[in-house]
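User: Could you walk me through this protein with some questions and answers? I'm new to this, so please keep it relaxed.

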Amino acid sequence: MLPQLNHCCCGCSLQTGSILIGAYQLVRGLFEMISEILLGIAGGRHGYGWEYLWDGFPYIEAILGILKIIAALVLIFGANKERHRLIFWCLIINVALLIIDAALFPLTIVIFFVYANTVDAVVTLLLGLGDFGLELYFLWVVFSYYRIIEERAPGVVASV
């Protein structure tokens with residue numbers, strides 16, 4: 001069981017932190033979706049070995065970006081209205097996306113080491129690990145907020 005956080009990293013409340021996390025994920029999801037669609041239209045990531053895998057890979061990444069946008073909107077709305085069920089579904093979507101990203105990450109690193117230079121691969125590896133840690137922290141903040149509002153919900157027996 002994760003320990004309960006009392007506030008977000010910036011010192012704000014868990015509700016405000018969850019809304020800020022949702023806003024960050026919304027912007028990030030929009031950038032990811034747009035960049036992946038543009039990559040798909042341009043023919044993939046030529047020069048980095050992606051053309052050897054599958055030309056439709058950027059579109060799969062764009063779909064994941066759309067799911068991130070949906071999860072971010074659900075989080076923002078759920079945190080504003082203090083709806084624990086919406087926060088729960090946001091957590092489920094984000095955990096699923098994190099598992100998918102964690103599964104695709106080693107493939108990305110291998111492709112960068114094989115088809116790109118070592119500096120690109122190492123930078124991608126370090127940024128990816130940092131991003132993974134940040135996403136885990138975001139999940140922890142949102143889960144802490146979820147536990148608080150679930151306990152306050154009328155007629156709900158706390159199960160977490």
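Analyst: Here is a run of questions and answers, starting with the overall fold and then going into the details. One thing up front: this is a predicted model, where local features need pLDDT of at least 70, side-chain atom pairs count only at pLDDT 80 or more, and totals for chains, interfaces and linings use all residues. Residues are numbered from 1 along each chain as its sequence is written, and side-chain values use heavy atoms, with hydrogens and water left out.

User: What pattern does the protein follow along the sequence?

Analyst: Helices (H or I, at least four residues) and strands (E, at least two) are DSSP runs, numbered from the N terminus. The protein has four helices and zero strands. Read along the sequence, the pattern is α-α-α-α.

User: What percentage of the residues count as buried?

Analyst: Let's fix the word first: buried means under 20% relative accessible area, exposed means over 50%, and partly exposed is in between (1.4 Å probe, protein chains only). The protein has 160 residues, and the share of them that count as buried is 38%.

User: How much of the contacts with a separation of 6 or more comes from residues 24 or more positions apart?

Analyst: Contact here means heavy atoms within 4.5 Å. Among contacts in the protein with a separation of 6 or more, residues 24 or more positions apart account for 70%.

User: How many salt bridges are there?

Analyst: In general, side chains of opposite charge can pair when their charged atoms come close. The rule for a salt bridge is a side-chain nitrogen of Lys or Arg within 4 Å of a carboxyl oxygen of Asp or Glu. By this rule, the count is five.

User: Which residues are linked with Arg28 in a network of salt bridges?

Analyst: Take the pairs one by one. Aspartate 131 forms a salt bridge with arginine 28, with the closest N and O atoms 2.7 Å apart; aspartate 131 sits in helix α4 (residues 118-152) and arginine 28 in helix α1 (residues 14-42), 103 residues apart. Arginine 28 also meets glutamate 135 in a salt bridge, at 2.8 Å from N to O, and that pair links α1 and α4 across 107 residues. So the network joins Arg28 with Asp131 and Glu135.

User: Is glutamate 135 buried or exposed?

Analyst: Its two network partners come out alike: aspartate 131 counts as partly exposed because its relative accessibility is 23%, and arginine 28 is partly exposed with a relative accessible area of 23%. Glutamate 135 has 12% relative accessibility, so it counts as buried.

User: Which residue meets lysine 68 in a salt bridge?

Analyst: The side chains meet at 2.9 Å, N to O, and the partner of lysine 68 is glutamate 32. Lysine 68 is in helix α2 (residues 57-81) and glutamate 32 in helix α1, so the pair ties together parts 36 residues apart in sequence. Both residues are buried, and the name you asked for is glutamate 32.

User: At what angle do α2 and helix α3 pack?

Analyst: Two packed helices are described by the angle between their axes and the distance between the axes. Axes are lines fitted to C-alpha atoms, for helices over the stretch in contact, and angles run from 0 to 180 degrees between N-to-C directions. The axes of α2 and α3 (residues 84-115) are 9 Å apart, and the angle is about 155°.

User: How do the residues of the contact of α2 with α3 divide?

Analyst: Residues in α2, including Leu64, Lys68 and Phe77, meet residues in α3, including Ile93, Asp101 and Leu104. For the classes, Ala, Val, Leu, Ile, Met, Phe, Trp, Tyr, Cys and Pro count as nonpolar, Asp, Glu, Lys and Arg as charged, and the others, Gly among them, as polar. The division is 15 nonpolar, two polar and three charged.

User: Are α3 and α4 roughly parallel or roughly antiparallel?

Analyst: Angles under 35 degrees count as roughly parallel, over 145 as roughly antiparallel, 65 to 115 as roughly perpendicular and the rest as oblique. α3 and α4 pack at about 170°, with their axes 10 Å apart. They are therefore roughly antiparallel.

User: Which residues is serine 144 in contact with, leaving aside neighbours within four places in sequence?

Analyst: Serine 144 is in helix α4, and it counts as buried because its relative accessibility is 0%. With those neighbours left aside, the contacts of serine 144 are Pro3, Gln4, Leu5 and Leu14.
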